[in-house]
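Welcome! Please open your viewer, get comfortable with rotating the view, and follow the stops below.

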Amino acid sequence: NMTRLIISAYEALLCAACEGETGISDLYAARRDTLDDIGAVVNAKVVQTLPGQGAAIVRWSADTEREGYWNDAAAKNAKAGDVLRLQIKAAAQGSKLPQLKRDIALPGRFLIHLPTGKGIKFSRQQEGAPEAPPVQDLPGGWVVRRAAAGVAAALVRHEAEVLAKVGQQTEIAAPTVWQRALVESGATLQTILVADAAQERAVSAWLNVFAPDLLGGLTVQPDALDWDSLFAEATAPTLPLNGGGSITIERTRAAWVVDIDAGAAQNHLAVNLAAVTLLARQMRLRNLSGIVLADFISLPHVRDQQQLIKTLRAAVVDDPAGVEVFGLTKLGLVEMTRTRRGAALQELLEI
C-alpha cells in the first residue's frame, strides 16, 4: 500500500495528509502562529522541586523563560539548580504546563534512537524474526520499527548515523508537522507533494539529510487535495454510515463521546461494524486523544459483541498514536484510550 504525502497550508494551519489506496488515512496539523514544541530536546534548569508529587518545575530557553513539569521517575531525586537535558512530551493544555521527560527518543522512519538508552529492541508490532540493523558500533539505544522490515541495510544504516549525530546535540528542535508525517509513513511513502517552492526548499533540505531516497518523489503540486472537503469531514459532528445509520462525535471535559445511531437500518451488527471502520479513521483525522467512549447499538448475542470488539481492535492496530480497546462495559459502552499527540484538530481550530 504505497502512500503519498500532501503538504499545504490551510487557513491558519500547516497540514500534512497521508493518502493511501483507501484515501486519506492520517491528517497532521499545527497552527502556523503558535509554537508546537513536542519532541524538542531542551537544556532545562530545575527551579522548584515538588517532593509530594515526585516531580519538579523546570525552566528553559533564556529568551522566553518557558516553564514545564518534569514528572518521570528520575525527577524524584531532582534538586533546585540542577541543569539537565529533557524532552518535551506533551504541550501545555489549559492551565497545565508542558510535560517533560528524561528518556529522550528520536524517531526516524525505520529506527527510534534513545541517546540515553542502550541495546537494541524491536517494536511490539514486528512480525516474524526481524533482522537486527547495523547499529552495534553506534552510541545509545535503538528500537527497530516495523517499517524497517525488508528495507535495504544501507538505508537503515544511513538513518542510524544521522540520528546518532542528532542525539549528541545538547538541544534539538521539535519536528515540524510534515517531518512527523514523513517519519511515521515509514517505508510505504513514494511521493511528496508540496504547495509551493518555499515549502519544496524546506522539505528538500530535510530529505537531503534524513531521507535522500525520497528526493526523487518530491514535486510541487498546489491543488493536490480538496482540503475543504477533508476538513468538512474531519469537523462534522455527525457523519452518515454506509448502509444506513450515523455516527456522532462530541467532546466533553473528561472524554470524547461517540454515539452510533441505527436510523432505519435493521441489521444492527452491520451498522456497528460500519461505524468501527469510520471511527478508526476519524480518530486519526481528528487526532482524538485520552478517553474515548463509544456507545454502539446494543447487541444481544455475545458472539456479535465479541466480533464487534475484535473488529475494532483490528481497525486501530495500525494507528501510529497507539489505541487501547478495553471492551464493553455493563452499559454496553466501549472504552478506549488513545495516546495524546498534540492538540486535537477541533482544539487547533478553536484557538
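This tour visits an aromatic cluster, then a sheet, then a pocket. Keep in mind that you are looking at a predicted model.

**Stop 1: an aromatic cluster**

Select Trp178, Trp206 and Phe210 and show their side chains; together they form one aromatic cluster. The model has three aromatic pairs by the rule used here. Begin with Trp178 and Trp206: their ring centres are 6.1 Å apart and their planes stand at 90°, over the 60 degrees needed, so this pair counts as edge-to-face. Now colour the helices to see where the two partners sit. Trp178 belongs to helix H2 (residues 177-184) and Trp206 to helix H3 (residues 197-210), so the pair links distant parts of the chain, 28 residues apart.

Are these two residues buried or exposed? Buried means under 20% relative accessible area. Trp178 has 5%, so it is buried, and Trp206, with 13%, is buried as well.

Next, move from Trp206 to Phe210. These two rings are stacked, at 4.7 Å centre to centre with 15° between the planes. Both residues lie in helix H3, four residues apart, which is about one turn of the helix. Phe210 has a relative accessible area of 23%, so it counts as partly exposed.

**Stop 2: an open sheet**

Switch to a cartoon view and look for six strands that form an open sheet. In what order do the strands run? Follow them as S15-S16-S17-S18-S20-S19, and note that the pairing is mixed. Strands of a sheet pair through backbone hydrogen bonds, either parallel or antiparallel.

Select strand S15 (238-240) and strand S19 (323-328): these are the edge strands, each pairing on one side only. As you look across the sheet, the twist averages 20° from one strand to the next.

Zoom in on S15 and strand S16 (residues 246-251). They run antiparallel and are joined by three bridges. To look at a bridge, select Thr238, whose partner in S16 is Thr248.

**Stop 3: the second largest pocket**

Finally, select Asp36, Ala91, Gly342, Ala343 and Leu348. Among the 31 residues lining the second largest pocket, these lie nearest its centre. The space in this pocket is about 580 Å³.

Which elements each supply at least two residues of the lining? Highlight strand S3 (23-31), helix H5 (268-286) and helix H7 (345-350) to see them. S3 gives the largest share, six residues. Try colouring the lining by class: you should find 15 nonpolar, five polar and eleven charged residues.

Key
Residues numbered from 1 in each chain as written. Predicted model: local features only at pLDDT ≥ 70, side-chain atom pairs only at ≥ 80, totals over all residues. Heavy atoms only, no water. 1 Å grid on protein atoms, 1.4 Å probe; cavity = no way out; pocket = protein on both sides within 12 Å on 5 of 7 lines; lining within 4 Å. Points joined across faces, edges and corners; volume = space filled by probe spheres on them. Nonpolar A, V, L, I, M, F, W, Y, C, P; charged D, E, K, R; others polar. Phe/Tyr/Trp six-rings, centres within 6.5 Å; stacked < 30°, edge-to-face > 60°. Buried < 20%, exposed > 50% of the residue type's maximum accessible area, 1.4 Å probe, protein only. Pairing = 2+ DSSP bridges. Axes fitted to C-alpha atoms, helices over the stretch in contact; angles between N-to-C directions.
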